[in-house]
Amino acid sequence: MKKLKTILSAMLALILMITPFAFVGCKEKDTAKRYTLSVSKEDGEGYVYNRYPEADKPVNPIYGDTDYVEGSVVEITVVPASHYEITSVQVKKGNGEYEDIDITVAAADKDTGTIRRTISTSVDSHYSVKVSFGLKTYNLTFYYLDGEDYVPLMDGTEVYTISKTHNETKTIENLGSFGFLWYNRQKGGGISTELTPCIFTDDVVLTRDTALYAPEGKTLQDLKDLLGLD
């Protein structure tokens, strides 16, 4: 009998030792719903972030699928690559239809074409986002001396402009030897404050909006003849 009590006591002690571990992991299941944000790039070059990246943080685009817990705040930022601009941002909730998001860019952001929009203040469904980018179009304008002041070359009532997308070539015979001046972009991104000789060749490739100034001694007619204008 004494031996039986000893055995029972040992078994009880063993059970007490095991019991705490038997219930580890039996916590209440996470019942929060999860939804997916799917982001795809349809055209061009650019990035989509789940927030605007800080200057000292690495770039982490979120193309593809990202899971969010129901109630999460989701805010995306669409940023075009260099020489691109945003052409379309569309959002679809669940199985609904894609809706166009306003991509009007604030004046202060025109150089980068950056746009920031909140998809939802509280995630309650799956979301799909499609973004598209297109190459920027740059303008080339011309100025000539009218007395002591430079004035723009006009085409009727409008300023005469040659518009080309980035990396598109426009050939203007004898442009390189015409002696144009311009406000050159300096190292570091600044623009010179004085007109300097232009380094363009006859084959013009625009990487930004550019104005060329006819040198002293070149008349309005000289400029029109160069550009083939009446």
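## A buried serine

Ser-128 sits in strand β8, which spans residues 127-135. The model is predicted. Is Ser-128 buried or exposed? Its relative accessibility is 16%, so Ser-128 counts as buried. The cut-off for buried is under 20%.

Which residues does Ser-128 touch, leaving aside those up to four places away in sequence? The list is Ser-38, Gln-90, Val-91, Lys-92 and Tyr-98.

## The largest nonpolar core

The largest nonpolar core has 21 residues. Four of them touch the most other members: Phe-142, Phe-180, Leu-212 and Leu-223. Two elements give two or more residues to this core. They are β9 (137-146) and α2 (220-227). Strand β9 gives the most, with four residues.

Now take Leu-223. Residues up to four places away in sequence are again not counted. Leu-223 touches Phe-142, Tyr-143 and Tyr-144. Leu-223 also touches Leu-153, Phe-178 and Phe-180.

## A second core

There is also a second, separate core. This one has 19 residues. Among them are Leu-37, Val-48, Ile-62 and Val-123.

## Charged pairs

Side chains of opposite charge can pair when their charged atoms come close. How many salt bridges does the structure hold? It holds three.

One salt bridge joins Lys-93 and Asp-124. Their closest N and O atoms are 3.4 Å apart. Lys-93 lies in strand β5 (residues 84-93), while Asp-124 lies in the loop between β7 (115-120) and β8, so the pair ties together parts that are 31 residues apart in sequence. Lys-93 has 43% relative accessibility, so it counts as partly exposed. Asp-124, at 38%, also counts as partly exposed.

## The other two bridges

Glu-45 pairs with Lys-41 in a salt bridge. Here the closest N and O atoms are 3.3 Å apart. Are these residues buried, exposed or in between? Glu-45 has a relative accessibility of 39%, which means that Glu-45 counts as partly exposed. Lys-41 has 34%, so Lys-41 counts as partly exposed. Partly exposed lies between the cut-offs for buried, under 20%, and exposed, over 50%.

Lys-164 forms a salt bridge with Glu-168. The closest N and O atoms of this pair are 3.6 Å apart. Glu-168 counts as partly exposed because its relative accessibility is 32%.

Notes. Residues numbered from 1 in each chain as written. Predicted model: local features only at pLDDT ≥ 70, side-chain atom pairs only at ≥ 80, totals over all residues. Heavy atoms only, no water. Buried < 20%, exposed > 50% of the residue type's maximum accessible area, 1.4 Å probe, protein only. Contact = heavy atoms within 4.5 Å. Core = buried A, V, L, I, M, F, W, Y, C linked by side-chain atoms within 4.5 Å. Salt bridge = Lys/Arg side-chain N within 4 Å of Asp/Glu carboxyl O.
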